[in-house]
Amino acid sequence: MLLTVSGPPGSGKSTTAELLADAFDLDHVSGGDIFRELADERGYTPLEFNKLAEENDQIDRDLDRRLREIAREEDDLVLESRLAGWLAAEQADFRFWLDAPVHVRGERIAEREGKDPERAAEETKAREASEAQRYEEYYGIDIRDLTIYDLSVNTARWEPDAVLDMLVTAVGEYDPAGDEGKAHIDLEYEFE
């Protein structure tokens, strides 16, 4: 089984993906972990690599290529990244999108990174706009199009365990005979 967890910064992707992997005894692969691996392979710290990525689109493409390969080659996995649902395409059994209002996500990021919540929210909005533009430019993906996802959850409304319960229920109650149509992703990705 391949599950994807996607969403903007501060939406609870990592927390939920870890809980989901534990619940189904699956491996968990994070886009952030892959980014750190790529940085290490090239002799950079994650911070240095992140700065480089702002100027070199090949870094995003390399990360996305690696995530797409993982989705195609591995099973029994929770794949977590902003584009996981798109990159896993037809391989994903379930695609989940997590979100929360930007002020909530800003507070979460501020707590995690030790910064002012308002500043974190503003930085997050700018980052999201930049990423949305790049995804559209690179791959023709409109990250705001949630129609490919099987379930979208506002994580500000529930605690992490309740969000997990929803996702586990969705997977557990799935009946292939009653499935009227998995979202088909018909995109060609150019990673070079």
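Two strands are taken to pair if DSSP finds at least two bridges between them. With that in mind, the predicted model described here can be read strand by strand, beginning with β1 and β3. Strand β1, residues 2-6, runs parallel to β3 and is joined to it by four bridges. Within this pairing, L2 stands opposite L77 in β3.

The wider setting of this pair is an open sheet of five strands, arranged in the order β2-β3-β1-β4-β5 and paired in parallel. The edges of the sheet are taken by β2 (27-30) and β5 (151-154); each has a single partner strand, so one side of each is left without a neighbour in the sheet. On average, neighbouring strands are turned by 20 degrees against each other when direction is ignored. As general background, strands of a sheet pair through backbone hydrogen bonds, in either a parallel or an antiparallel manner.

At one edge, β2 runs parallel to β3, with four bridges between the two. Here H28 stands opposite V78 in β3. At the other edge, β5 runs parallel to strand β4, residues 94-99, and again four bridges join them. A residue pair to look for in this part of the sheet is W97, which stands opposite S152 in β5.

Strand β3 deserves a second look, this time for its two faces. In a regular strand, side chains alternate between the two faces of the sheet. In β3, which spans residues 77-80, L77 and L79 lie on one side while V78 and E80 lie on the other. All four of these residues are buried, and both faces of the strand are thus covered. The buried set includes L77, the residue opposite L2, and V78, the residue opposite H28.

Attention now turns to the helices. A packed pair of helices is described by the angle between the axes and the distance between them. Helix α2 (residues 31-41) packs against helix α3 (residues 46-55) with the axes 9 Å apart and at an angle of about 95 degrees. The two helices are therefore roughly perpendicular to each other. From α2, the residues F35, R36, L38 and A39 meet P46, F49, N50 and A53 of α3. By class, this contact is made up of six nonpolar residues, one polar and one charged.

A second helix pair brings together α4 (residues 57-73) and α7 (residues 117-139), whose axes come within 12 Å and cross at roughly 75 degrees. This crossing makes α4 roughly perpendicular to α7. On the α4 side the contact is made by D57, D60, R61 and D64, and on the α7 side by R134, Y138 and Y139. Five charged and two nonpolar residues are counted in this contact, with no polar ones.

Finally, two loop residues stand out by their backbone angles. Most residues other than glycine have a negative phi. D25, in the loop between α1 (13-24) and β2, has a positive phi near 55 degrees although it is not glycine. A89, in the loop between α5 (84-88) and β4, is likewise not a glycine and has a positive phi of about 45 degrees. Are these residues buried or exposed? With a relative accessibility of 71%, D25 counts as exposed, because the cut-off for that class is over 50%. A89 has a relative accessible area of 6% and is therefore buried, a class that requires a value under 20%.

Notes: Residues are numbered from 1 along each chain as its sequence is written. This is a predicted model: local features need pLDDT of at least 70, side-chain atom pairs count only at pLDDT 80 or more; totals for chains, interfaces and linings use all residues. Side-chain values use heavy atoms; hydrogens and water are left out. Axes are lines fitted to C-alpha atoms, for helices over the stretch in contact, and angles run from 0 to 180 degrees between N-to-C directions. Angles under 35 degrees count as roughly parallel, over 145 as roughly antiparallel, 65 to 115 as roughly perpendicular and the rest as oblique. Contact means heavy atoms within 4.5 Å. Ala, Val, Leu, Ile, Met, Phe, Trp, Tyr, Cys and Pro count as nonpolar, Asp, Glu, Lys and Arg as charged, and the others, Gly among them, as polar. Buried means under 20% relative accessible area, exposed over 50%, partly exposed in between (1.4 Å probe, protein chains only).
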